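Morning, everyone. I'll keep this quick. Please have a look at the structure on the screen.

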Amino acid sequence: MSKADSPSRDEVLLPPVFQRWFADRGWQPRAHQLALLERAGRGESTLLIAPTGAGKTLAGFLPALTDLTRRGRLPPGSAFQGVHTLYISPLKALAVDIERNLARPVADMALPITIENRTGDTPVSKRQRQKLKPPDILLTTPEQVALLLASKDADRFFRDLRYVVLDELHSLVTSKRGHLLSLGLARLRTLAPAMQTIGLSATVADPAELCRWLVGQAPGEARQAGLVTVDGGARPIITILGTEERVPWSGHSARYAMRDVYAVLKDFRTTLIFVNTRSQAELIFQELWTVNDDSLPIALHHGSLDVSQRRKVEAAMAENRLRAVVATSTLDLGIDWGDVDLVIHVGAPKGASRLAQRIGRANHRMDEPSRAILVPANRFEVMECQAALDANYVGAQDTPPVGEGALDVLAQHVLGMACAAPFDADLLYAEVTSAAPYARLERHHFDRIVDFVATGGYALRAYERYARIRRNKDGLWRISHPDVAQQYRLNIGTIIESPMLNVRMVKRNARGSLGRGGASLGKVEEYFLESLVQGDTFLFSGKVLRFEGIRENECLVSQAYHLDPKIPAYAGGKFPLSTYLAEGVRAMLSDPARWSALHEQVRDWLSLQKEKSVLPGRADLLIETFPRGNRHFMVLYPFEGRLAHQTLGMLLTRRLERAGAKPLGFVATDYALAVWGLEDMSAMVRGRKLNLAALMEEDMLGDDLESWLAESFMLKRTFRNCAVIAGLIERRHPGKEKSGRQVTVSADLIYDVLRAHEPDHILLEATRRDAAAGLLDIGRLGDMLKRIKGHITHRALDQISPLAVPIMLEIGREPVAGEAQDALLAEAADDLIAEAMG
Amino acid sequence: MVFQSEPTEPDDEDAVLTRLAPPAPPAAFPDTHGATAEIALSGRTALCDPLGALYLPDSRTLIVSDLHLEKGAAFARRGQLLPPYDTEATLRLLDRVLVRHDPRLVISLGDNFHDRKGSALMPEPYRAMIYGMARGREWLWVNGNHDPDGTSGLPGQSVDEVHLDGLTFRHEPKPGASPGEVAGHLHPAATVRRREKSVRRPCFASDGLRLIMPAFGVLTGGLDLSSAAFKPYFARKDLIAHLIGKDRIYSVRYANLKG
């Protein structure tokens, strides 16, 4: 950590106009702000890690502002000047917000600096003007940077670039968006070799990884940006909500706690209530209003709501007109939210770092402690919240790693580079591998991606005449037609959304037919609507709505006049339980001495488990088998997160099938996995027909995994995303919505065809890599199988154990996969047979 | 708002894995029993085959619809380089169903090719496969909206409609009462829902008077029977979805699809 040592250094670093500006306000430049400025002056790139409220943004911009001030305003008639500083944020709203925040000091000091933003919402005319006459500082998003880099005049636009300020870097780098941006930065370094990066980040597990990400890598050496760290201010005060109510066994609604939550928020000025999913947000919002006896202004904010509604909430919040906002992760990032003095977190936070960042939203003054209250939704979450609470106090970090650069993203980038200018494959390979996530990319993978971009990369070379890029006699690859560039521009980006339909409120008229459009409420996923029939009621936008039907591309709803929606609000967490918290929960379970911190009901529950079965040991895997109804159940408690458990469930059912246990299905939560079947698995273990150690052998990640992957619907979803990002499948375009017939081409079908005929295709490889790292959590599953080797505890029980109750309650809520699909069809067909037989 | 964490099935995509299994070895005798579903269509007997074809035993006629051959190539022509393997996969599947029923007449019910250029530009090996399959039988290519100009360089004849044994075969169904009409075009699929779970499959849609064929091509999507596009063609109270399962047909009344 660097500290300012003498006032004289300020004078050297800060132009007089800045010194006066600070002094006029009675402020002092902060040590880290000066440290950043100093390093920038030495030509270094720097990562600044600081908590919210530390003046991070100003620190990030000071090098650019002072440099531009020294340059002075360009006289009219000067030669073309490219953009001086790029500010890149993950959110459009943040770019707009920063423009407002920067405008004040720039105006106060009358600095000779032009600042503009450029997002997907910026009008075409303004974007064109920006290319002719770039502002000094351009505030933008990763997608816009990719678009600018893919244009023919990228060279001219970026040649004078001095600084790139990357905001919320911790959240940018771990996604495919981060991969695309890292490739963009590599190109920017080629266009403007003197360019320096400044990364702004919340606390992360591995700062060195981010430091590498910020600078160009060279073969054989790991280069790093400098690091400036600002310690957190006062330690946050976090508690778990006390309640007299019964804490439920399972579920995610936390409905039981709403009176208590309401009572708490009455004592604070402004409360931010964080939840993990949109459905939770809707439910909590509705529940709060049912107990809102004082009619406090409580609002709802999540990504699916109509933009105008969201803007209203944001404005009201900034003006301190609201007492509480129920929100999802859209607000996790750094928009200025007025004076929040309490954060309530409903549901388990799933990761200690995520909790710390969310709590950081309360109270922007560093020297005062943030206040936060955790509201566990069920009994396992009580333990998870306690573990997260312990972790936040010890400052544990469990942010995900950056990961290897994805191949589908590389394909998109290669096409973009061809659109900008003809490229030489050797030079582009060198540039790509200078981006940290791609530093280990092998040349043959790069070449296969170039081949994929050109003709689809198929072994059957059927599309030479339809090639999108071609290598000419000069050895350079160039696009074969201007339409290719147009196609690229329409399909850029790495965020794949499932198809959404607009939700529109309508009224039924006297004759019972539907009227024309009323207000638009927001968007919902199409797959959700497909399971609804007319008359079903569901929660959206804080209202109970009646589903009326789908007209063209809109979902029509009417006001429902009952309080309980028919379709239950169910959604598991979006984020898997972090390895760190899982370890915390296991440790707590196995150590009754630590239970004193837990709620009394939870203590009773665990004591009962100890009496009726056994508690899972810290390093052990507990497996229980018991009969229930006419089924036999096997419940495992690995605590490795839902994704890893789902994968384990798929693999275990295959093995149990072979062992003759006749498994029928399974269900996975963040904590446990339950498999059920027709055979008595307790008796099979007793009779040595089923060996649990062999069942849990690591080799299940070999052949079983391969053959399961082959038919996995989860892999298909991963493939769809890869295919869209890589440009194999175009996104939907306006005016090409589904009409009477299907116009889109199905990614599932393409996957089937490709897998049957070219299983080694580069996109299938990209899909397997993605799935192994993310969706299937195979790495984590492998670590678990290793850990539990020789540590399996089995209990054959006469009946369900207390610990098994939560997962047993989840049965019936999970989607059908694989073999079970035909069983369900047969059941439906049997109805017809029964009807026919009278 | 209710969002399941995992969609039960992606909305516009069907699991037709079974369609891509390698071609079965030639059977000693055609197996026309067990897997197929026998239905009555305007007084005649018809067999729905789980490979997606309809067989009329009386006239020994096999009907397939919406092959969409050369779909990958059609997309490639417009800059989307889809895998070039769909034509071969569809033709192999067609070969299996021909071996199973050994029909005297084959009717391909329109949208035989995905675009107008498809049949002319189709690579030679696929053309040879079709000639092989057509040997010893008659073949009618009904014109569809994707390929209204007919086929070129292929065995058989291109026609707009076929009338045979009291049945009418055309690509697009005609609204209103039309007993004995067999059509394609709409790619029917149905979703069965039981206890908050759902499965979606392509299906034969029939009310006993008219039948709309599932799409046969391996790269063809499906349109849900609940779509308004089906309204003009069926009285829903009589409509039955014959869903294509892994190796058999599941017949479910429209009213019972959602449990």
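I'll go through confidence, then domains, then one pair of helices.

A reminder before we start: this is a predicted model. So how confident is the predictor in chain A? The mean pLDDT of chain A is 83. Of its residues, 86% reach 70 or more.

Where in chain A is confidence highest, and where is it lowest? The high point is helix 18 of chain A, residues 425–432, with a mean of 98. The low point is helix 21 of chain A, residues 526–530, with a mean of 63.

Two stretches need care. In residues 1–6 of chain A, pLDDT stays under 50. The model gives that stretch 10 contacts beyond four places in sequence. Residues 733–743 of chain A also stay under 50. That stretch has 14 such contacts, again beyond four places in sequence. Where pLDDT is low, don't read the predicted coordinates in detail.

Next, domains. Chain A is divided into domains 1 to 5. Domain 1 of chain A covers 7–229, and domain 5 covers 613–824. The C-alpha centres of those two domains lie 45 Å apart.

Now over to chain B. Helix 2, residues 86–101, packs with helix 4, residues 124–134, at about 10 degrees. Their axes are 11 Å apart. Angles under 35 degrees count as roughly parallel, so helix 2 of chain B is roughly parallel to helix 4 of chain B.

Who meets whom? From helix 2 of chain B, the residues include L91(B), L94(B) and L98(B). From helix 4 of chain B come Y126(B), M129(B), I130(B) and M133(B). By class, this contact has 7 nonpolar, 1 polar and 2 charged residues.

Terms used
Residues are numbered from 1 along each chain as its sequence is written. Chains are lettered from A and ligands numbered from 1 in the order in which they are written. This is a predicted model: local features need pLDDT of at least 70, side-chain atom pairs count only at pLDDT 80 or more; totals for chains, interfaces and linings use all residues. Axes are lines fitted to C-alpha atoms, for helices over the stretch in contact, and angles run from 0 to 180 degrees between N-to-C directions. Helices (H or I, at least four residues) and strands (E, at least two) are DSSP runs, numbered from the N terminus. Angles under 35 degrees count as roughly parallel, over 145 as roughly antiparallel, 65 to 115 as roughly perpendicular and the rest as oblique. Two residues are in contact if their C-beta atoms, placed from the backbone, lie within 7 Å. Ala, Val, Leu, Ile, Met, Phe, Trp, Tyr, Cys and Pro count as nonpolar, Asp, Glu, Lys and Arg as charged, and the others, Gly among them, as polar. pLDDT is the predictor's confidence in each residue, from 0 to 100. Domain bounds come from an automatic or database domain assignment.
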